[in-house]
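Here is a short tour for anyone meeting this structure for the first time. Take a look at the picture, then read on.

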Amino acid sequence: MIERESVTFSIKNNIGNVVSSISCHYYGDGFNWVLLSDANTDVLYRNNGYMTNLLEECIKYSEFRGCGAYLMVEVGNYQAVKLYMNFGFEEVNRQHIGGFEYIVMAYGKRDIKELLDCKFS
């Protein structure tokens, strides 16, 4: 698949430094899922709801595209998994990539089989 569009949402502190961000990747061509990646919040700014706000923007973006949203999170990252589950993401698969195990989580009522048939890397 060739990526058609990539959008990064971010929150900056009062001096203009990015303290929380996440990217959305839209592929189109009948693939009805937007990949969310590179989610990060600076340790000093965690537990302020920044990632929740950014996830809301990502969901709006994926819905605008007529897609569901999915992401992969490393097994053992309990804080992130809890955040995503509280937001409404569901575990749909597990993948082993580069010696690490990831949980594939999806949001939105789209064709899960289509998502599972794609090649994760």
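Which strands does helix α1 lie across? Helix α1, made of residues 50-64, lies across β1, β2, β3, β4 (68-74) and β6 (100-107). The direction of helix α1 is at about 20 degrees to β2. Helix α2 (residues 78-87) packs on the sheet too, where it touches β3, β4 and β6. The angle between helix α2 and β6 is about 15 degrees.

## The big picture

Before going further, keep in mind that this is a predicted model. The protein chain has three helices and six strands. Follow the sequence from start to end and you meet them in the pattern β-β-β-α-β-α-β-β-α. The radius of gyration is 14 Å, close to the 14 Å that the globule rule gives for 121 residues, so the chain is as compact as a globular protein of that length.

As for outer dimensions, the C-alpha trace spans about 45 × 30 × 25 Å along its principal axes. The accessible surface comes to about 7300 Å², and carbon and sulfur atoms account for 48% of that. Of the 121 residues, 39% are buried. Take the contacts between residues at least 6 apart in sequence: 53% of these join residues at least 24 apart.

## The sheet

In what order do the strands sit side by side? The six strands form an open sheet in the order β1-β2-β3-β4-β6-β5, with mixed pairing. At the edges stand β1 (5-12) and β5 (90-97); each has a single partner strand, so one side of each is left without a neighbour in the sheet. From one strand to the next, the twist averages 25 degrees. As a bit of background, strands of a sheet pair through backbone hydrogen bonds, in either a parallel or an antiparallel way.

Is β2 mostly covered or mostly open? Mostly covered: 10 of the 11 residues in β2 are buried.

## Two hairpins

Strands β1 and β2 pair in the antiparallel sense over eight bridges. One of the matched pairs is Lys12 with Val18, the latter sitting in β2. Five residues lie between the strands of this hairpin, and Gly16 there takes a positive phi near 90 degrees.

Next comes the pairing of β2 (residues 18-28) with β3 (residues 31-41), which is antiparallel over seven bridges. Across this pair, Cys24 stands opposite Leu36 in β3, while His25 faces Leu35 in β3. The hairpin of β2 and β3 has two residues between the strands, and Asp29 takes a positive phi near 50 degrees.

## The nonpolar cores

Nonpolar side chains tend to be buried together in soluble globular proteins. Which residues touch the most other members of the largest nonpolar core here? Among its 25 residues, they are Ile22, Leu36, Leu55, Val73, Tyr84, Phe89 and Met105. Two or more residues come from each of β1, β2, β3, α1, β4, α2 and β6. Helix α1 gives the most to this core, with six residues. Apart from it lies another core of nine residues, including Tyr27, Leu35, Tyr70 and Ala106.

Phe89 is a good residue to click on. Leaving out residues up to four places away in sequence, Phe89 touches Leu36, Leu55, Ile59, Ala69, Tyr70, Leu71, Tyr84, Met105, Ala106 and Tyr107.

## Two residues up close

Start with Ile59, which is found in helix α1. Is Ile59 buried or exposed? Ile59 has a relative accessible area of 6%, and buried means under 20%, so Ile59 is buried. Not counting residues up to four places away in sequence, Ile59 touches Ala69, Phe87, Phe89 and Tyr107. Ile59 and Asp111 are 52 residues apart along the chain, and their C-alpha atoms are separated by 16 Å.

Now for Ser21, whose place is in strand β2. With a relative accessibility of 17%, Ser21 counts as buried. What does Ser21 touch, not counting residues up to four places away in sequence? The list is Thr8, Phe9, Ser10, Asp38, Ala39, Asn40, Met51 and Leu54.

Conventions: Residues numbered from 1 in each chain as written. Predicted model: local features only at pLDDT ≥ 70, side-chain atom pairs only at ≥ 80, totals over all residues. Heavy atoms only, no water. Pairing = 2+ DSSP bridges. Helix = DSSP H or I, 4+ residues; strand = E, 2+ residues; numbered from the N terminus. Axes fitted to C-alpha atoms, helices over the stretch in contact; angles between N-to-C directions. Contact = heavy atoms within 4.5 Å. Rg over C-alpha atoms; globule rule 2.2 N^0.38 Å. Buried < 20%, exposed > 50% of the residue type's maximum accessible area, 1.4 Å probe, protein only. Areas by Shrake-Rupley, 256 points an atom, 1.4 Å probe, with all protein chains shown as cover. Core = buried A, V, L, I, M, F, W, Y, C linked by side-chain atoms within 4.5 Å.
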